[in-house]
Amino acid sequence: MVWSLPEEILGVTFTRKAAGELASRIRGQLAKLGTLARSGLVELAPAAAARDALEPKVSTYHSYASGIVTDYGLRLGIERDAIVMGSADAWQLASDVVEAHDGAHEHFTAAKSTLIQSVMDLAGECAEHLQEPEQVIATIEEYLASFEALPYIVETVKPRTAAVTKQLDVLRTRASVAALVQKYAEAKRRRNVLDYGDLVALAARIARDVPHAAEMERQRFKVVLLDEFQDTSHAQLQLFAELFGAGHPVTAVGDPHQSIYGFRGASAGQLFRFPEIFLKHDGAYAGTAELTIAWRNSAHILAAANVMSAELTAAQTRKANAKLAAGLTESERAAAGPRVVVSPLREKPHAPDGEVVLARYETELDEAEAIAAEILERKGDFTHRTGAQGAMTLAVLCRRRAQFSKLQSVFEARGIPYEIVGLSGLLGTPEIVDLVATLRVIADPGRSDALMRLLTGARWRIGPADLMAFADWARHLARRRSWAAKHRVDFDAAALQGEGDESPQETPDAPVVTADLVDASSLIEALDYLSPDYWPEGCRPLSDVARTRLLALRDELRVLRTFVGEDLANLLGVVEKTMLLDIELAAKPGSSIHHARRHLDAFADAAATFMQAAQRVDLDAFLAWLETAESEEGGLEMSPVESNPDAVALLTVHASKGLEWDVVFVPGMNAGAFPSARADRWSTGAKSLPWPLRGDRDDLPEWDMNVPDLKSLMENEKLFADDVLLHAEEEERRLAYVAFTRARDYLMCSTTVWGSGKKPLSPSPFLDELLPLTEGTHQTAALGLWREDPEEDAVNPISAGAESAPWPYDPLNGPDIEGRAGVAQRTGRRENSERSAAAVRRVDR
């Protein structure tokens, strides 16, 4: 038994919110212990009865690592004033390193932005697994040297295939990226900055190389509590093993079935190795205990979750048996430490049954409409907002962010307020898309795609015929610019309006002007050169209404460009007001002004975060930062915001970890989508640390590279790819387990017959495994609407038949598309708006 003061207790978890909850629970248990000690009913240590004790130390993993670096880093030459970079600053520094690369690049096939992200990802994995870039380079060069010496087929002179050459180029690119990671690390040292990966890696290095650190931390904290241990990385495991191993009182709590952050370095095997890493004083293995009662979920929801966990437990048993079959004796297995058993979850005493519904709908729109109908049935009419809607909370958990748009469309049409969690989801909302498009137009004359978003949007509404005429004007502009360059004359109004080869007087000694890529048919430049009274005869006619709108947009953009050099926050405010976004959102029916503009406010907060962390704060850097957030599925790390209990939470399953709701919907459970048919492996791409260098390599599939020829190497890579896909399915299963256990009382899992392709979709194997719960005398799930497979020659109803719609469409009622079954219709808004305007006019009279 260990007695300690409250301030001698260390609790560590992952988020600030979880740290607050853990601190509250520790204080609550200490208060109960103090009351018991003061009652005299039992004999406890005097410390238990103290009333003037200090607070226990509860921290996040990164915060604790930061404290170790600050307190002991000088012993390894790490300055105390080193600055921890944010995501934006780290991305910009990596961008500078990539742009300065002057080495070989013939094997590069990725875009610059992909290389930048690869540098950041590989740097993060090196930190998480305590590897130096030099070791990565040496390992890959050793692989390359051995592979280059191999024939394609042993004892033949047959040349290697293009696939082999491509595979070797992948390894060369990995070595080049590792060299860039090395330069990235040098740049950080020169600037005296660290990133979050450095904190944990340096803390683990201090714990290993500075014995004084372990001695002091052991004296400071008599008891250590490690929460969510299944999500720790190899570096975090080594940090706490070096500081508090060898018999120090350490308790780790975790659920290996909820280890879903493998892409961030977490390993589900960490918890299983805890008994053999954190040994007792006498060298015996640490004890284990199970916490199997789920206090959150109702009984039927636990039954669905246990279906997912049963296969995970079976997979863990198969891996253990495979090691025995590989030659490990029973005595050797016993010497490897005790098995950590994970039993099925059990319901709390007097737990309600709850409700689980499985459904299969015809299309994604039908699925979204069914979800909306269930929400309205349970939550009431959201259109009359006189106050709080009640305590019930609801969430829709999607496997991919691409699923959001259909749900958003239906929720808006049905008047259901929703809240998207995460910056990447924020960047997909209509008002933010328009705002970012405007920023791109004023910053880059080559972003014709962004201008098209504005031209075809609800505000300017340029129709197809006028867009084609405007494209003719852009091509005319490009031809006249080329003509002016060829004849060495100024590109002025006279050169622009010349219809033939005749031109103003040429300047004989003028330098030859070479056309740049931007001189092609840029719509942004075409807009800037648009004249109110000139139109070429060879172009299709432009309507007067379109010309008026285009000129107004041109003048608006010219004004906005004058603010580009000013403070970024001021620029965003000016763009918002100039585009009338604030007025448009304020007029949104069924929403208060604060609720309607919540996305704009969240975007402003994201910009403020960027400005605080970035060294280079200008529009180009901000747009590059946003592109990174948009391209990555998880988006850039952002501070969590308090959710609105009156809104339906719309988020990915990954983002739902640690949260809970009364009602949860999990749509899109189709084969190939959930579980995903895609799985990253280190033999492809350029961003992954070679798995033989990872700290958790024993838990990962292995690419057998001990081969006599290159053909065998490629065959083994295909087998490796199959093994990785099976390994990834386990993580997907854990993801489904997390999604199901977010629900307290109601869970609906659904799939669709049709997606966007020509062939029908199959239900997810996870959903198939739940179907037996709807059968028998003790059903724990109900079968909702379930569409059977269509006939063999059936046509997707979304794409069947001709489609027609007026364009531009009414921005209030939305597009009226005849012949399409995949769009939610918003009717009545135009009529309501006109009635309101008529009422205002009557009052004015």
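Guide: Angles between a helix and a strand run from 0 to 180 degrees, taken between their N-to-C directions. Keep that in mind for helix H27, residues 710–740. This model is predicted.

Visitor: Which strands does helix H27 lie across?

Guide: Helix H27 lies across S10, S13 and S14. Its direction runs at about 130 degrees to that of S14.

Visitor: In what order do the strands of that sheet stand?

Guide: First the general idea. Strands of a sheet pair through backbone hydrogen bonds, either parallel or antiparallel. Here, 7 strands make an open sheet, and the pairing is parallel. Read across it as S11-S12-S10-S13-S14-S9-S15.

Visitor: Which strands stand at the edges?

Guide: Strand S11 (418–420) and strand S15 (782–786). Each has a single partner strand, so one side of each lacks a neighbour in the sheet. From one strand to the next, the twist averages 20 degrees.

Visitor: What else packs on this sheet?

Guide: Helix H14, residues 404–413. Helix H14 touches strand S10 (394–398), S11 and strand S12 (648–652). Its direction makes about 170 degrees with that of S12.

Visitor: Over how many bridges do strand S13 and strand S14 pair?

Guide: Strand S13 spans residues 661–666, and strand S14 spans residues 743–752. They pair over 5 bridges, in the parallel sense. For one bridge you can locate, take Trp-661, whose partner in S14 is Ala-743.

Visitor: What is the order of the 4 strands in the open sheet that holds S1?

Guide: The order is S2-S1-S5-S6, with parallel pairing. The edge strands are S2 (57–60) and S6 (250–252), and each pairs on one side only. The twist averages 15 degrees from one strand to the next.

Visitor: Over how many bridges do strand S1 and strand S5 pair?

Guide: Strand S1 (residues 9–13) and strand S5 (residues 223–226) pair over 4 bridges in the parallel sense. Find Leu-10, then look opposite it to Val-224 in S5.

Visitor: Now the interior. What share of the chain is buried?

Guide: A residue is called buried when its relative accessible area is under 20%. By that cut-off, buried residues make up 46% of the 845 in the chain. The surface is the other part of the picture. The chain exposes about 41800 Å², and carbon and sulfur atoms supply 53% of that area.

Visitor: How many residues of helix H10 are buried?

Guide: In helix H10 (residues 269–277), 7 of the 9 residues are buried, so the helix is largely enclosed by the rest of the structure. Among the buried ones are Phe-272, Arg-273 and Phe-274.

Visitor: Which residues have the most contacts inside the largest nonpolar core?

Guide: Leu-439, Leu-451, Phe-470, Phe-603 and Phe-622. This core has 56 residues. H16 gives the most to it, with 7 residues. A second, separate core of 47 residues includes Ala-94, Ile-116, Phe-147 and Leu-180.

Visitor: Take Leu-439. Is this residue buried or exposed?

Guide: Leu-439 is buried, at a relative accessible area of 0%. Leu-439 belongs to helix H16, residues 430–443. Leaving out residues up to four places away in sequence, its contacts are Leu-571, Leu-572, Val-575, Leu-619, Phe-622 and Leu-623. Asp-620 is 181 residues away along the chain, yet the two C-alpha atoms are separated by 9.2 Å.

Visitor: And which residues does Leu-451 touch?

Guide: With residues up to four places away left out, Leu-451 touches Val-441, Phe-470, Leu-523, Ile-524, Leu-527, Leu-553 and Leu-557.

Visitor: What percentage of the contacts in the chain with a separation of 6 or more join residues 24 or more positions apart?

Guide: 76%. Ser-118 in helix H4 (residues 112–128) is a good place to practise. Beyond its neighbours within four places in sequence, Ser-118 contacts Val-177, Ala-686 and Lys-687. Ser-118 is buried, with a relative accessible area of 6%.

Visitor: Last, the cysteines. How many disulfides does the structure hold?

Guide: A disulfide is a covalent bond between the sulfur atoms of two cysteines. This structure holds 0. Cys-126 is buried at a relative accessible area of 5%. Cys-398 is buried at 0%.

Visitor: And how many helices and strands does the chain have?

Guide: The chain has 29 helices and 15 strands.

Key:
Residues numbered from 1 in each chain as written. Predicted model: local features only at pLDDT ≥ 70, side-chain atom pairs only at ≥ 80, totals over all residues. Heavy atoms only, no water. Pairing = 2+ DSSP bridges. Helix = DSSP H or I, 4+ residues; strand = E, 2+ residues; numbered from the N terminus. Buried < 20%, exposed > 50% of the residue type's maximum accessible area, 1.4 Å probe, protein only. Contact = heavy atoms within 4.5 Å. Areas by Shrake-Rupley, 256 points an atom, 1.4 Å probe, with all protein chains shown as cover. Disulfide = S-S within 2.5 Å. Core = buried A, V, L, I, M, F, W, Y, C linked by side-chain atoms within 4.5 Å.
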